[in-house]
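Hi,

Here is the structure I promised to pass on. Have a look at it first, and my notes follow just below.

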Amino acid sequence: MRVLAAVLLAAACAAAAAAASGDSGGGGELPEFREAPAFRNGAACAGAPTIHIAMTLDATYLRGSLAGVLSVLRHAACPESIAFHFVASSTSPARRLAALRRALAAAFPTLPATVHRFDARLVRGKISSSVRRALDQPLNYARIYLADLLPRSVPRVLYLDSDLLVVDDVARLWATDLGPDAALAAPEYCHANFTSYFTDAFWRHPEYAAVFANRTRAPCYFNTGVMVIDLDRWRAGGYTAKLEYWMEVQKQEARIYELGSLPPFLLVFAGEVKAVEHRWNQHGLGGDNVAGQCRELHPGPVSLLHWSGKGKPWLRLDAGRPCPLDALWAPYDLRRRRGARDDLLAAVA
């Protein structure tokens, strides 16, 4: 473990040093990306089901998205059986969207991937300001519309945020049994103070607070950056409209929450979520939504590392002020840099 930690720390330092060399990709242009290693299916993958993964695609989080894809493929037993669905904003200029597609193709030339355009007008009048500007971007709400964006031939999707790494075979998460009724599965955190995710105005309003009265279980917090979604059940349950309802309450009636797209999910699904092991979302590694301070891993096994919060590993590495756990992300960074090593992935092989 000490040897691995030393290698990872060296990788992080190398990445930070390369960032300090001035290769910033400025001028509004996207940086260049190196091609990822090719990962192939083995003989045991014959007949393996297709795993559908949805992620957002934009310039701000592009490095995170590509690193996340690489981590999924690197640890998958059947990487060629994974299909990616990238969601890009309809407001992205054609030139920028073309550049995003080129970056994706440069990093993963043979990746089975589809880019879906999200109509930002669907949420323009429904978004209210939150504690962090990044949470207010329309693309942050695209996960609400996956059942409309993806073709009906896709019955289930795994949604992943663009600031995480998967360090286990994603097929294990994909195989989550949703039971007879659940539309959504995610790790739950019932030790968290659930009441803090809503304002006093919410809890004082008897009709608002009553939404949790008849849930299957006591409502618990869950992070929406990692979700297994049954799209058929989502459509049948009209969940997009239910989420939009609470966004409209927030915008037109009373300020009932502060945290972007998360609270509507809690209002609709908390207490009805199919629980997944905590190992599948070691979240909060980006600190809180204000300071983005360094944090340690939660106790227990780890299958997915999630830099939710303000601090993103690529930004801290570029600034030369990485947190210790950012060294785990650095080997998956596909950005091409002057003087950087092309074999960083070997550090976690």
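There are three disulfides in this predicted model, and they pair up as 1-2, 3-4, 5-6 when the bonded cysteines are counted along the chain.

Cys45 is bonded to Cys78, with an S to S distance of 2.1 Å. Cys45 sits in the loop between helix H1 (2–20) and strand S1 (51–56), and Cys78 in the loop between helix H2 (62–75) and S2, so this bond ties together parts 33 residues apart in sequence. The S-S torsion here is about -95 degrees, which makes the disulfide left-handed. Cys45 is buried, at 8% relative accessibility.

Next comes Cys190 with Cys220, at 2.0 Å from S to S. This pair links the loop between strand S6 (184–189) and helix H6 (200–204) to the loop between helix H7 (206–209) and strand S7 (221–222). Its torsion is about 105 degrees, so this disulfide is right-handed. Cys220 is buried, with a relative accessible area of 8%.

In the pair Cys294 and Cys323, the sulfur atoms are 1.9 Å apart, and a torsion of about -85 degrees makes the bond left-handed. Cys294 is partly exposed at 44%, whereas Cys323 is buried at 6%.

I also looked at Ile82, which is in strand S2 (residues 82–89). Ile82 is buried, at 2% relative accessibility. Leaving out residues up to four places away in sequence, Ile82 touches Ile51, Ile53, Val72, Leu73, Ala76, Pro112 and Val170. Its C-alpha atom is 5.6 Å from that of Thr50, although the two residues are 32 apart along the chain.

Best wishes

Definitions and conventions
Residues are numbered from 1 along each chain as its sequence is written. This is a predicted model: local features need pLDDT of at least 70, side-chain atom pairs count only at pLDDT 80 or more; totals for chains, interfaces and linings use all residues. Side-chain values use heavy atoms; hydrogens and water are left out. Helices (H or I, at least four residues) and strands (E, at least two) are DSSP runs, numbered from the N terminus. Buried means under 20% relative accessible area, exposed over 50%, partly exposed in between (1.4 Å probe, protein chains only). Contact means heavy atoms within 4.5 Å. A disulfide is a pair of cysteine sulfur atoms within 2.5 Å.
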